[in-house]
Amino acid sequence: MKMVITIVQDKDSLRLAEALVENDFRATKLATTGGFLKEGNTTFMIGVQSERLDDLMRLIKKNCSSREQMVSPISPMGGHADSYIPYPVEVQVGGATVFVLPIEGFHQF
């Protein structure tokens with residue numbers, strides 16, 4: 001058994017949540033915030049049998065695509081102004097960051 005921790009942009013979370021339910025994957029959904037863009041993310045914690053891991057990974061990849069987005073950097077408050085970029089920059093957002101962890105035990109009470 002594996003624990004799959006998947007972090008996706010909020011814009012992709014509803015689509016992924018619906019796909020997980022349709023394909024009989026159970027997940028716990030957490031609201032999280034990204035450190036770089038300070039925007040909302042969703043973190044899914046998904047317990048999955050090892051045999052179904054490849055199916056889950058394909059499902060995540062299909063429903064969480066990366067894209068380019070223009071963002072205005074937040075000015076530093078008390079930080080170093082020499083590293084501050086005062087104009088919008090294009091960054092890649094979306095997609096999914098996925099961690100796969102081995103599980104020694106699984107219990108439901």
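Val4 stands opposite Val100 in strand β6, and that pair is a handy place to start looking around this predicted model. Val4 falls within β1, which covers residues 2–9 and is joined to β6 by seven bridges, with the two strands running antiparallel. Further along the pairing with β6, Ile7 stands opposite Thr97.

Now look at the other neighbour of β1. Strand β3 (residues 40–48) pairs with β1 too, again in the antiparallel sense, and here there are eight bridges. Lys2 stands opposite Val48 in β3, while Val8 has Thr42 of β3 as its bridge partner.

What does β3 do besides pairing with β1? It also pairs with β2, in the antiparallel sense, over seven bridges. One spot to find there is Thr33, whose bridge partner in β3 is Gly40.

Here are the residue pairs mentioned so far, set side by side.

| Residue | Stands opposite or bridges to |
|---|---|
| Val4 | Val100 in β6 |
| Ile7 | Thr97 in β6 |
| Lys2 | Val48 in β3 |
| Val8 | Thr42 in β3 |
| Thr33 | Gly40 in β3 |

Put those pairings together and you get the whole sheet: four strands, open, in the order β2-β3-β1-β6, with antiparallel pairing. Which strands sit at the edges? They are β2 (27–33) and β6 (96–102), each of which pairs on one side only. From one strand to the next, the twist averages 20°. If you are following the side chains along a strand, a general rule helps: in a regular strand they alternate between the two faces of the sheet.

Next, the helices. Helix α1 takes in residues 10–22 and helix α2 residues 53–63; they pack at an angle of about 145°, and their axes are 9 Å apart. The crossing of α1 and α2 is right-handed. Which residues meet there? On the α1 side they are Asp12, Arg15, Leu16, Ala19 and Leu20, and on the α2 side Leu56, Leu59, Ile60 and Asn63. Sorted by kind, the residues of this contact come out as six nonpolar, one polar and two charged.

A few smaller details are worth a look as well. Between α1 and β2 there is a loop, and Asp24 is found in it. Asp24 is not a glycine, yet its phi is positive, at about 60°.

Then there is Phe25. What lies over the face of its ring? That would be Arg52, at 3.9 Å from the ring centre. As for rings pairing with rings, how many aromatic pairs does the structure hold? The count is zero.

Terms used. Residues are numbered from 1 along each chain as its sequence is written. This is a predicted model: local features need pLDDT of at least 70, side-chain atom pairs count only at pLDDT 80 or more; totals for chains, interfaces and linings use all residues. Side-chain values use heavy atoms; hydrogens and water are left out. Two strands pair if DSSP finds at least two bridges between them. Axes are lines fitted to C-alpha atoms, for helices over the stretch in contact, and angles run from 0 to 180 degrees between N-to-C directions. Rings of Phe, Tyr and Trp (its six-membered ring) pair if their centres lie within 6.5 Å; planes under 30 degrees apart count as stacked, over 60 as edge-to-face and the rest as tilted. A charge sits over a ring if NZ of Lys or CZ of Arg is within 6 Å of the ring centre and within 35 degrees of the ring normal. A crossing is left-handed if the near helix is turned anticlockwise from the far one by less than a right angle, and right-handed if clockwise. Contact means heavy atoms within 4.5 Å. Ala, Val, Leu, Ile, Met, Phe, Trp, Tyr, Cys and Pro count as nonpolar, Asp, Glu, Lys and Arg as charged, and the others, Gly among them, as polar.
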